[in-house]
Amino acid sequence: MEVFQKEIKLSAKGRGFHLVTEEILSGFPEISNIESGMFQAFIKHTSAGLTINENADPTVRDDFESHINKMVPENQPYYRHTLEGSDDMPAHIKASLMGTSVQIPITNGKLNLGTWQGIYLCEHRNHGGTRKLVLTAFGVGRNR
C-alpha cells in the first residue's frame with residue numbers, strides 16, 4: 001500500500017463557492033502513483049468548507065451561495081459570537097453544514113469523479129484569506 005499526504009494552501013478567494021479541483025490536483029501530483037485507492041481533502045478552518053457538485057455551469061455555484069445565505073442569514077439578534085464581524089458566526093454554521101472533507105475514489109492514478117463533478121471550496125467569510133488543506137491519497141501503487 002502506498003500512502004501520500006501533503007498540506008497545501010489554496011489561493012485566497014472571495015466569499016462564495018469556488019471550483020478548486022485543478023488547484024488541488026496541481027498541488028498533489030502524487031495521486032498519479034495510486035492505481036486503486038482513496039483520496040481525502042480536509043480543510044483546516046472553521047469558517048470554510050468543502051463539497052462536491054457540478055463543475056460545468058457556474059450559476060450552480062452562485063445559486064449555492066444565494067441559498068445558503070438565506071438559510072443562515074447574518075446579523076441575527078440571537079448570535080452571541082459577533083466580535084469578528086457579521087459574517088463570522090454564520091460562516092461557522094455554514095461550514096458545519098457543508099462539511100470539512102471530501103473523499104473520492106482513485107482509479108488508474110486519477111480522481112474518479114463523475115463527468116460533471118468538481119470539488120468546491122465553500123468560502124463563507126468576506127475576506128477568508130488563504131485556506132489550508134490536508135490532502136491524503138492511499139491505495140495500491142501503480143508500480144507494484
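Select Met38 first: Met38 stands opposite Phe138 in E8. The model on your screen is predicted, so treat this as a walk through computed geometry.

**Stop 1: the sheet**

From Met38, widen the selection to the strands around it. E3, which spans residues 34-43, pairs with E8 in the antiparallel sense, and nine bridges hold the register. On another pairing of E3, look for E5: these two strands are also antiparallel, over seven bridges. A handy marker for that pairing is Gly37, which stands opposite Ile106 in E5.

Now show the whole sheet. What is the order of its five strands? Reading across, you should find E1-E8-E3-E5-E6, an open sheet with antiparallel pairing. Strand E1 (2-10) and strand E6 (110-111) are the edges; each has a single partner strand, so one side of each lacks a neighbour in the sheet. As a general reminder, strands of a sheet pair through backbone hydrogen bonds, either parallel or antiparallel.

To see how E1 is attached, select residues 131-141, which make up E8, and display the nine antiparallel bridges between E8 and E1. Glu2 is a good place to begin, since Glu2 stands opposite Gly139 in E8.

**Stop 2: the nonpolar cores**

Next, select Ile24, Phe39, Ile119, Leu133 and Leu135. In the largest nonpolar core, which has 22 residues, these five touch the most other members. Several elements give two or more residues to this core: E1, E3, strand E4 (48-54), strand E5 (101-107), strand E7 (117-127) and E8. Which strand gives the most? That is E3, with four residues.

Keep Phe39 selected and expand to its contacts. Leaving out residues up to four places away in sequence, Phe39 touches a list of residues that includes Ile24, Phe28, Ile31, Val102, Ile104 and Ile106. Also on that list are Leu111, Ile119, Leu135 and Ala137, and the polar-named entries Gln103 and Thr136.

Then move to a second, separate core of six residues; among its members are Phe17, Ile68, Met98 and Cys122. For context, nonpolar side chains tend to be buried together in soluble globular proteins.

**Stop 3: aromatic pairs**

The structure holds five aromatic pairs. Start with Phe17 and Phe64: their ring centres are 5.2 Å apart and the planes meet at 40°, so this pair is tilted. The pair links distant parts of the chain, with Phe17 in strand E2 (residues 14-19) and Phe64 in helix H2 (residues 58-71), 47 residues apart.

Are these two rings buried or exposed? Phe17 is buried, with a relative accessible area of 5%, whereas Phe64 counts as partly exposed at 23% relative accessibility.

For a pair of neighbours, select Tyr78 and Tyr79. Their arrangement is edge-to-face, 5.1 Å centre to centre with 75° between the planes. Colour by accessibility here: Tyr78 counts as exposed at 56%, while Tyr79 counts as buried at 13%.

Before leaving the rings, add Tyr120 to Phe17 and Phe64. Ring pairs link Phe17, Phe64 and Tyr120 into a cluster.

**Stop 4: a buried aspartate**

Select Asp88, found in helix H3 (residues 88-98). Asp88 counts as buried, with a relative accessibility of 1%. What does Asp88 touch, not counting residues up to four places away in sequence? The answer is His81 and Arg125.

Turn on the polar contacts between side chains and check both partners. The contact joining Asp88 and His81 is 2.5 Å, and the one joining Asp88 and Arg125 is 2.9 Å.

**Stop 5: two asparagines in loops**

Finish with the backbone. Most residues other than glycine have a negative phi, and most peptide bonds are trans. Against that background, select Asn75 in the loop between H2 and H3. Phi of Asn75 is near 60°, a positive value. Asn75 is exposed, with a relative accessible area of 58%.

The last selection is Asn108, in the loop between E5 and E6. Phi of Asn108 is near 55°, again a positive value in a residue other than glycine. At 41% relative accessibility, Asn108 counts as partly exposed.

Key:
Residues numbered from 1 in each chain as written. Predicted model: local features only at pLDDT ≥ 70, side-chain atom pairs only at ≥ 80, totals over all residues. Heavy atoms only, no water. Pairing = 2+ DSSP bridges. Buried < 20%, exposed > 50% of the residue type's maximum accessible area, 1.4 Å probe, protein only. Polar contact = N/O pair within 3.5 Å; in protein donor to acceptor, adjacent residues only side chain to side chain. Contact = heavy atoms within 4.5 Å. Core = buried A, V, L, I, M, F, W, Y, C linked by side-chain atoms within 4.5 Å. Phe/Tyr/Trp six-rings, centres within 6.5 Å; stacked < 30°, edge-to-face > 60°.
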